[in-house]
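User: I should like to learn how to read a structural model of this kind, feature by feature. Where should a careful reader begin?

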Amino acid sequence: MCPAGTALPMVKKAQRHPTRGLTEGAILAALTVLVAAVGLVAPFVGTLLAPLPIMLLVIRWGLRVGALAALVAALIFLQFFGPVNALSVTALFAPLGLGLGWGVWRGIGATLTVLVGACALVIATIASFAIATVMLHQDLLGQFVKGLVASQVEGLKALLASTLWAVTFAKRNLPPDVLASLRHNPLLVSQFHQQEDQTRSMIEFTQKFAPAFIYHALPIMLCVGGLIWAYLCYTLARVVLRRVGHEPPGFAPILTWRLPPAFATLILWVFAGVTFLSPRIPWLATTWVSVLLLTLFVFGFQGTLVALTWMKRRRLSRAVQIIVIALLITSGLYPILAAVILGLLDGWFDFRKLSVPAPPADHAQAPAGVIDPSADNAGQVGGTHPLGDGLSTAGQKPDRQHRHSTGSGRRSKTGRRAMRRPREGGASS
């Protein structure tokens with residue numbers, strides 16, 4: 001049996017680590033509450049930074065400590081900001097932080113980690129909407145959709161009002177001769193009336209068809225939004241956690257992302273099948289919008305990467321690239337369709353040449369006696385070093401003299417004894 005004095009330090013050491021984890025959890029839970037409170041004012045910044053303390057706790061102390069810290073943060077938020085804000089904010093930061101932290105903790109890779117975080121975020125968002133609907137006895141989803149439609153309609157009405165205000169301002173301030181010339185310009189008058197009619201028709205179309213479109217597109221919008229949010233949070237976490245000694249694995253450069261041809265073909269067949277069968281099967285008609293948006297997003301993203309690669313290879317500046325992409329997104333339907341077609345063709349023709357195998361390394365077939373210029377030191381050669389036989393040669397063990405050298409370049413005592421000791425079958429060194 002071990003002495004009684006030896007068991008006590010082991011017990012204290014075993015109890016010290018959980019205590020330290022809970023202490024860090026309490027501190028980071030308070031930090032999470034502060035960041036989430038900032039998110040009420042600046043939602044993008046707050047919800048992007050709030051999962052990071054929970055993620056760090058899971059990486060350092062496991063899933064249980066991270067879940068306890070998230071629960072504490074939710075209770076503190078409930079005390080100060082009410083149940084609705086606490087439920088909505090906790091559903092944004094807690095599952096995402098737990099999912100991303102668990103993926104890094106388990107070492108499943110960057111891609112699967114982001115997928116786990118996105119799934120946790122989507123499930124938590126759906127659950128929070130359902131719980132809030134039951135608790136408040138209100139249709140929160142319907143109110144959310146009505147709010148989106150109302151904001152779009154108000155934006156179109158503001159555009160129409162600005163156009164009419166410009167005409168009124170011109171009538172009051174322009175000289176009579178200039179105003180008469182403008183009135184007698186048929187092209188200008190027709191353009192004004194055409195723009196006014198288009199804006200009014202867009203208002204009517206939005207009020208009539210936008211609610212149904214948002215309901216049908218909401219699943220894919222939620223999934224894609226959760227995936228993008230998880231990727232942004234994970235990318236920010238790699239920068240922040242590197243400062244505290246934890247660096248999660250990274251992704252390949254974004255310009256090298258490419259959709260496999262088999263997956264591109266599968267998406268096209270699914271879209272074609274849903275389009276063909278939706279008039280005959282009623283429940284498929286509700287998923288057609290989601291499949292359409294998924295197809296446009298995937299191939300449009302691939303086409304955007306092709307365009308960025310083309311501009312980068314021609315050494316265009318970053319400002320020009322940003323302007324081109326902004327015009328591509330905001331210039332209407334035809335540029336987006338062009339990007340979709342470009343991304344669709346890239347799946348088979350590989351415009352970026354990403355599937356071309358890399359050339360073999362030159363030093364792999366270097367002849368004997370030739371020094372490899374890519375080697376880190378002069379000891380990596382294909383034959384005997386020209387300055388002597390003390391360094392290692394290809395396919396041979398290092399000499400005893402080199403084997404007993406210290407890291408600082410000075411010879412160790414064992415090496416000096418080997419130098420003084422005569423070799424077997426010959427004279428001393």
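Analyst: One begins with confidence, as this is a predicted model. Over residues 363–429 the pLDDT stays under 50, and the model has 47 contacts beyond four places in sequence for this stretch. Where pLDDT is low, the predicted coordinates should not be read in detail.

User: What is the average pLDDT of the chain, and what share of the residues score at least 70?

Analyst: The chain averages a pLDDT of 77, and 79% of the residues score at least 70. Residues 1–16 have a pLDDT below 50, with zero contacts in the model beyond near neighbours in sequence.

User: How many helices and strands does the chain have?

Analyst: The chain has 16 helices and zero strands. Of its 429 residues, 29% are buried. Among contacts between residues at least 6 apart in sequence, 66% join residues at least 24 apart. The accessible surface of the chain is about 27,800 Å², and carbon and sulfur atoms account for 68% of it.

User: How should I read salt bridges, and how many are counted here?

Analyst: Side chains of opposite charge can pair when their charged atoms come close. In this model the count comes to six salt bridges. One of them joins Glu24 and Arg60, whose closest N and O atoms are 3.1 Å apart. Glu24 lies in helix H1 and Arg60 in helix H3 (residues 51–61), so this pair ties together parts that are 36 residues apart in sequence. Glu24 counts as buried because its relative accessibility is 18%, under the 20% limit. Arg60, at 32%, is partly exposed.

User: Where do the partners Arg200 and Glu196 lie?

Analyst: Both lie in helix H9, four residues apart, which is about one turn of the helix. Their closest N and O atoms are 3.1 Å apart. Arg200 is partly exposed at 39% relative accessibility, whereas Glu196 is buried at 15%.

User: Are Arg352 and Asp346 buried or exposed?

Analyst: Arg352 is buried, with a relative accessible area of 2%, and Asp346 is buried at 0%. Their side chains meet in a salt bridge of 3.1 Å, N to O. A further case is a network of salt bridges that links Arg238, Arg242 and Glu247.

User: Why do Cys119 and Cys223 not form a disulfide?

Analyst: The test is the distance between sulfur atoms. The sulfur of Cys119 is 8.0 Å from that of Cys223, its closest cysteine sulfur, and this is too far for a bond. The count for the model is zero disulfides. Cys119 is partly exposed, with a relative accessible area of 47%, and Cys223 is likewise partly exposed at 42%.

User: Which residues form the nonpolar patch on the surface?

Analyst: The patch consists of Phe44, Val45, Leu49, Ile228, Leu232 and Phe297, with about 480 Å² of accessible area together. Helix H2 (43–49) and helix H9 (186–241) each supply at least two of its residues. H2 gives the most, with three residues. Val45 is placed in helix H2 and counts as partly exposed, at 40% relative accessibility.

User: What can the contacts of a buried residue tell me, for example in the case of Leu28 or Thr199?

Analyst: They indicate which parts of the chain meet at that position. Leu28, in helix H1 (residues 4–41), is buried at 14% relative accessibility. Leaving aside neighbours within four places in sequence, Leu28 is in contact with Pro53, Leu56 and Leu57. Leu28 and Leu52 are 24 residues apart in sequence, and their C-alpha atoms are 9.3 Å apart. Thr199, in helix H9, is buried with a relative accessible area of 7%. With neighbours within four places set aside, Thr199 is in contact with Leu156, Leu159 and Leu160.

User: Which phi value does Asp350 have, and where is Asp350 found?

Analyst: Asp350 has a positive phi of about 50°, although it is not a glycine. Asp350 is found in the loop between helix H14 (333–349) and helix H15 (400–403). Lys353 is found in the loop between H14 and H15 as well, and its phi is near 60°, also positive in a residue other than glycine. As to burial, Asp350 is buried at 6% relative accessibility, whereas Lys353 is exposed at 54%.

How values were computed: Residues numbered from 1 in each chain as written. Predicted model: local features only at pLDDT ≥ 70, side-chain atom pairs only at ≥ 80, totals over all residues. Heavy atoms only, no water. Patch = residues over 30% accessible without salt bridge, like charges linked within 9 Å, V, L, I, M, F, W, Y side chains within 5 Å. Areas by Shrake-Rupley, 256 points an atom, 1.4 Å probe, with all protein chains shown as cover. Salt bridge = Lys/Arg side-chain N within 4 Å of Asp/Glu carboxyl O. Buried < 20%, exposed > 50% of the residue type's maximum accessible area, 1.4 Å probe, protein only. pLDDT = per-residue confidence, 0-100. Contact = heavy atoms within 4.5 Å. Disulfide = S-S within 2.5 Å.
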